[in-house]
Amino acid sequence: MAEAHQAVAFQFTVTRDGIDLQLSHQALTEIYLSGVRSWKKRIIGIKNSVITGVYPASPSSWLFVVIAILATMYTRSDPSMGLIAKIQEHLPVSQSMSTQCQTVVSAVLFSTMLWLLLIFTMRLCLKQLLSYHRWMFEKHGKMSNTTKVWVALVRIFSGRKPLLYSYQGSLPNMPVPAIKDTVKRHLESMRPLLDDTSYERMTNLAAEFESGVGNRLQWYLKLKALWATNYVSDWWEEYVYLRGRSPIMVNSNYYGMDFMYVTPTPIQAARAGNSLHSLFLYRRKLNKEELQPLLLRSAVPCCSYQFERMFDTCRIPGTLTDTLTHWQDSDYIAVYHKGRYFRLRMYHAGRLLTPREIEFQVQRILDDPSPPCKGEVKLAALTAGERTPWAKARTKFFSSGVNKRSLDCIEKGAFFVTLEDDDDDIKADDPTLLDFYAKSLMHGKCYDRWFDKSFSVVYYKNGKMGLNAEHSWGDAPVMAHLWQAHCSNDCFQLGYNAEGHCKGEVDSSLPRPQKLNWEIPPECEEQISQSLAVAQALADDVDLHVFIFRDFGKGKVKKCRVSPDAFIQMALQLAYYRDQKRFCLTYEASMTRLFREGRTETVRSCTSESCAFIRALEGGEATDVCRRLFQEATEKHQNLYRLAMTGAGIDRHLFCLYVVSKYLGVESPFLKEMQSEAWRLSTSQTPVQIEMFDVVNHPDYVVCGGGFGPVADDGYGVSYCVVGENIFGFHISCKHSCPDTDAHRFGGEIIKALHDLLELLSPGRTELKTQLKSSEVKKNL
């Protein structure tokens, strides 16, 4: 078969004279260069492991300590208080070594042990310092003397020029909150959503849990916290993501958008050339750990663990649970175009292809006239449907032969790429087409994205692009860092020539991209059709609305002395109340990356304070009353957000207690009811790395974040981003099958709520309202 010939480095024939070998020098050269790249990566990895392992000290500090000890000994002083002499006595050396040489070796050994002890002490001190979180609860701009001293000490013990993973060993472990605190906060969050009878029942269940089985479950959880790096993250990844049997398309995967008002080039292959080159440059920095770790307030490090599986990772389906598999540094990507799959190598002669060469190779794929194999066109629908049928099909039809080789090529690639071939233009700057653009990125045709890959990049015919990311390996803020860095590099560093092509020259000797081959039997085609039907029904049910709000941004909100995030959350609460005429349990994602291997926690944004404010505003209460209640609601929200970030949230603790109860076979009515609560409003803010974009000088280069599907069948999913000083972006999702929800209607309510809140907080509203009331009184008289 043709694919077998392409996969081997030599051919041989058996003759009467023996075996005649026909070596392929090009293939052997590529094997040699691939090995060189692999060894270079290993050497860099060892070097970085040493640097990270001794951080916050540096390897060169060892030499300083050795020289200092030897210099002190030269002055006939003994800084070791007799330890060097003890080491010398037990030194297993030959008699040929002089006494002076033995003394030097002993001094070097003592210096090394002293150096390691100092490193351990510095790490321990830094870990204790990073466990201090009172700074988060202080008012913005008002730092206590204690916090000032703490910041200074953190900077002293943090060392200089950290690598991406330098802080990992110094980050504190996530603490297990006290059961009484978690139960108390849970009851507080449920109070505005329950009537008196239901709340009394919930209180009784909570009291029974706290005084009974809860203590036993908590004991096991504390034991895990002592043993594991993070008592939440492994179970969260396993039970929330990997054990889910429903489709990950829409339900789990999320999407990210391109620049809203700018398309750097209208040429599809050129955009792919710059973009792919930029993504591999980012991966090179990631492998060398040259990316800077995220620091809050320029001092407090966040965990970088999620970056490890960003590239070369795929979710492998299983009958009961999926697995995440991460391979070594792949030198190629898998590309989908017009129902065909290609293997595109990104390295040639030991170097990364230039953007112009990548454009040339992509254009080769676009111009390739070969038809797809039988059953190949809609193959990826298997990754969009139910997980168990996909796992069974993978085992039955893709475990050997040509299908296994082609599937391995896709799954082991750095990431996945789709070259769209539809004539329908995707225009992010056209408000009427934003919804179509978002739905295309979220699910496409349900068979033109490989949803199992860590992320897939989509390039449209008019030069637009976007991404679809799998969720189990990492969260949106980590993916957003990659996406925004690569978008910035694409436009502001690499650029395009006057004709819109990538800059540089092309090496015409580049081997053509390799088309993958498949042998899909009719039984497998039937399973593909069934998976596609499930995925298509799910995709058709998604109601998605995206809009850019430019009437005002965080600049005006901050002038009102309100957190932009709290302002938007109150607007969402108000909009939901007006849309549904009720309040609901609200999910806002917050990070816990202040702790090692931390991921997310839930902020329950619907509080008694927010409900009191909305009732007062909708009931026509006085402006001063509404402002006071609004201030109380936003302060409560900010406090909940800080508690979540510092490990004192509600939901991850209760989730882990529930998992322990299942392991022990213990039934808890309280935990069972807690797990059945529906998140009818699920929200998340996509961070925008402002330092990557000059929004002032280049206001059109705006990235509008991304979105996700609704969590509840009768609820909304809302993703939003704060861009610069004057822009908010919103992505709203719900389901057509629910008669009570409508994404466009809810978007209109959000716009109205934003204006109403700003009007409430703006100076002069009280005077205006007083004048209007006076006019009404005179008119009635």
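Is R387 buried or exposed? Keep that in mind while going through the points below.

1. A word before starting: this is a predicted model, so read each point with that label attached.

2. Back to the opening question. R387 is buried, and its relative accessible area comes out at 0%. Its salt-bridge partner is D322, with the closest N and O atoms 2.8 Å apart. The two sit in distant parts of the chain, 65 residues apart: D322 belongs to the loop between β6 (313-316) and β7 (323-326), while R387 is in helix α13 (residues 387-397). D322 is buried too, at a relative accessible area of 1%.

3. That pair has company. D322 and R387 belong to a network of salt bridges that also takes in R245, R315, D452 and E470. If you'd like to trace one thing on screen, try this group of linked side chains.

4. Helix α13 turns up again with R394, which makes a salt bridge to E411; here the closest N and O atoms are 2.6 Å apart. Because R394 lies in helix α13 and E411 in helix α14 (residues 401-411), the bridge ties together parts that are 17 residues apart in sequence. E411 counts as buried, with 1% relative accessibility.

5. For a salt bridge in another setting, have a look at R191 and D196, whose closest N and O atoms are 2.7 Å apart. R191 counts as partly exposed at 30% relative accessibility, and D196 is exposed at 56%. As for the overall tally, a search of the whole structure turns up 44 salt bridges.

6. Now to the surface. K40, K47, R284 and K288 together form a positive patch. Take K47 as one of its members: this lysine is found in helix α2 (residues 25-54), and K47 is exposed because its relative accessible area, 52%, is over the 50% cut-off.

7. Last, helix α16 (residues 476-494). How far apart are its end C-alpha atoms? They are 25 Å apart, and this agrees with the expected span of 27 Å, since the helix has 19 residues at 1.5 Å a residue. Most of α16 is covered, with 15 of its 19 residues buried. Right after the helix comes G495, which has a positive phi, near 70°.

Key
Residues are numbered from 1 along each chain as its sequence is written. This is a predicted model: local features need pLDDT of at least 70, side-chain atom pairs count only at pLDDT 80 or more; totals for chains, interfaces and linings use all residues. Side-chain values use heavy atoms; hydrogens and water are left out. Patches are made of residues with over 30% relative accessible area and no salt bridge: like charges are joined within 9 Å, nonpolar side chains (Val, Leu, Ile, Met, Phe, Trp, Tyr) within 5 Å. Accessible areas come from the Shrake-Rupley method with a 1.4 Å probe; for residues, only the protein chains shown count as cover. A salt bridge is a side-chain nitrogen of Lys or Arg within 4 Å of a carboxyl oxygen of Asp or Glu. Lys and Arg count as positive and Asp and Glu as negative; His and the chain ends are not counted. The place of a charge is taken as NZ of Lys, CZ of Arg, CG of Asp or CD of Glu. Helices (H or I, at least four residues) and strands (E, at least two) are DSSP runs, numbered from the N terminus. Buried means under 20% relative accessible area, exposed over 50%, partly exposed in between (1.4 Å probe, protein chains only). The expected span of a helix is 1.5 Å times one less than its number of residues.
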